[in-house]
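User: Could you take me on a close look at one part of this model, the loops with unusual backbone angles, and then connect it to the pocket and the aromatic contacts? I would enjoy one long, joined-up answer.

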Amino acid sequence: MLAPYACHHEQSRGRLVSEETDAIRTAFQRDRDRIVHSTAFRRLTYKTQVFVNHEGDHYRTRLTHSLEVSQIARTLARTLHLNEDLAEALALAHDLGHTPFGHAGEDALHAVMQPYGGFNHNEQTLRILTQLEHRYARFRGLNLTWEMLEGVVKHNGPLTGQPQAKLVPAYILEFNQAFDLQLDTFASLEAQIASLADDIAYTCHDLDDGLRAGMFMVDDLLYLPQVGDIFLETRGKFTNASVSQQNGEALRRLMRLFVHDLLQTTRQNLESLQPTTVHTIRQAPQAVASFSTGISEMLYATRTFLMQRMYRHYRVNRMSAKAHQVITEIFNLYIKHPGWLPTDWQPLQDASETQRARSIANYIAGMTDRYALQEHARLFDVYSGH
């Protein structure tokens, strides 16, 4: 039984292109299924989270990360009596707009696209969901529900009407004219918990991958607030276990700490707000889903550690530099020779330079890590195949 402030599928605001209801699945279940069957979702298998795909079989990719976020989001939604299907769909879709090579690839694409409006992965996710997927005959994109698109666009909070609001990407504003997503309000509680599930997942699994890669040791974590206590306690309790088993147990406990704190704090916020509809959630003065102050500070300290010891590690820096070179050189070649693009991606003859650049950016952003490397070799290695 869903809470009154949850997103009830029968009360959905519908789709941009009207469709008949399904006899078996709810509107949000159909959204989830369309995401899972999309080309963009399959490509996440070979897109970087932190480590490029060929560096090892056991490191997280964008796909495995999205599945972990989905698992946490469903647990949170079920416990809070929210719509699990919507939370799951949002979690599965949240990274579709990412480029190859993780944030290094996005930074490179944003740099070369500066004269043409820049590049933003959140905007790109919306573009994929509403324009770039070509699976269905009756509409462009996946024609997802209003609640799904709202949650994708506003998962980090309102985009307008707030003191901290940033410049809204052009395509989001353009699409908003056709399908008003109420950019000045918060998203549903399902979208809010999916966003925080993302924080939980990547913090825990980046610690796991960093330890596995030898970028830091458990002893380096002992000075982190609460994280160090958990690893020390686990080491003392499971003395006969292997180091990898001790680490696995510690990370499981860390994830449980995050989840329980998020549930407790969000329940307190709900008690104070006393929402009666999802509209109350959207109109709240601040996000309803949140961590406690103590856990927020611990998350910040942990991310700072990961930034220093993992994301800026020389191995990651080397690959990031290579990724920047690959993306930049591919883009610059195609902007000079758009006829070298695959036929389906070639802009129209009368397209403006900005339209040509955006088409090239869409093509590059959709590449997997290994396809980008192969494409670079085809374009610049005279001995490579077509």
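Analyst: Asn-143 lies in the loop between H6 and helix H7 (146-153). This is a predicted model, and in it Asn-143 has a positive phi of about 50° although it is not a glycine. That is worth a second glance, because most residues other than glycine have a negative phi. Asn-143 counts as buried, since its relative accessibility is 6% and the cut-off is under 20%.

A second residue with this kind of backbone angle is His-81, which is not a glycine either and has a positive phi of about 60°. His-81 is found in the loop between helix H3 (62-79) and helix H4 (84-93). With 46% relative accessibility, His-81 counts as partly exposed, whereas Asn-143 is buried.

Let's go back to the helices on either side of the Asn-143 loop. Trp-146 carries a charge over its ring: the charged end of Arg-13 sits there, 4.0 Å from the ring centre. A similar arrangement involves Tyr-136, where Arg-34 lies over the face of the ring at 5.4 Å from its centre.

Helix H6 (121-132) also leads us to the second largest pocket, as H6, helix H8 (170-178) and helix H16 (353-365) each supply at least two residues of its lining. The space in this pocket comes to about 970 Å³. Its lining has 30 residues, and those closest to the centre are Arg-127, Gln-131, Arg-358, Ser-359 and Asn-362. H16 gives the most to the lining, with five residues. By character, the lining residues divide into twelve nonpolar, eleven polar and seven charged.

H8 is a good place to turn to the aromatic contacts. The model has eight aromatic pairs. One of them joins Phe-175 and Phe-179: the ring centres are 6.1 Å apart and the planes stand at 90°, so the pair is edge-to-face. Phe-175 is buried at 7% relative accessibility, and Phe-179 is buried too, with a relative accessible area of 11%. Together with Tyr-171, these two phenylalanines form one aromatic cluster.

Another pair is Phe-216 with Phe-305, whose ring centres are 5.0 Å apart; their planes meet at 75°, so this pair is also edge-to-face. Phe-216 lies in the loop between helix H9 (189-212) and helix H10 (218-221), while Phe-305 belongs to helix H14 (residues 293-311), so the contact ties together parts that are 89 residues apart in sequence. Both Phe-216 and Phe-305 are buried.

Now for the loop that leads into H16. Leu-348 has its place there, between helix H15 (314-336) and H16. This leucine is exposed, because its relative accessible area is 64% and the cut-off is over 50%. Leu-348 and Ile-72 are 276 residues apart in sequence, and their C-alpha atoms are 44 Å apart in space.

One last stop is the cysteines. The structure holds zero disulfides. Cys-7 is buried, with a relative accessible area of 3%, and Cys-204 is buried as well, at 4%.

Key:
Residues are numbered from 1 along each chain as its sequence is written. This is a predicted model: local features need pLDDT of at least 70, side-chain atom pairs count only at pLDDT 80 or more; totals for chains, interfaces and linings use all residues. Side-chain values use heavy atoms; hydrogens and water are left out. On a 1 Å grid over the protein atoms alone, a cavity is a set of points where a 1.4 Å probe fits but cannot get out, and a pocket is an open set with protein on both sides within 12 Å along at least five of seven lines; lining residues have an atom within 4 Å of a point. Grid points are joined across faces, edges and corners, and a volume is the space filled by probe spheres set on the points. Helices (H or I, at least four residues) and strands (E, at least two) are DSSP runs, numbered from the N terminus. Ala, Val, Leu, Ile, Met, Phe, Trp, Tyr, Cys and Pro count as nonpolar, Asp, Glu, Lys and Arg as charged, and the others, Gly among them, as polar. A disulfide is a pair of cysteine sulfur atoms within 2.5 Å. Buried means under 20% relative accessible area, exposed over 50%, partly exposed in between (1.4 Å probe, protein chains only). Rings of Phe, Tyr and Trp (its six-membered ring) pair if their centres lie within 6.5 Å; planes under 30 degrees apart count as stacked, over 60 as edge-to-face and the rest as tilted. A charge sits over a ring if NZ of Lys or CZ of Arg is within 6 Å of the ring centre and within 35 degrees of the ring normal.
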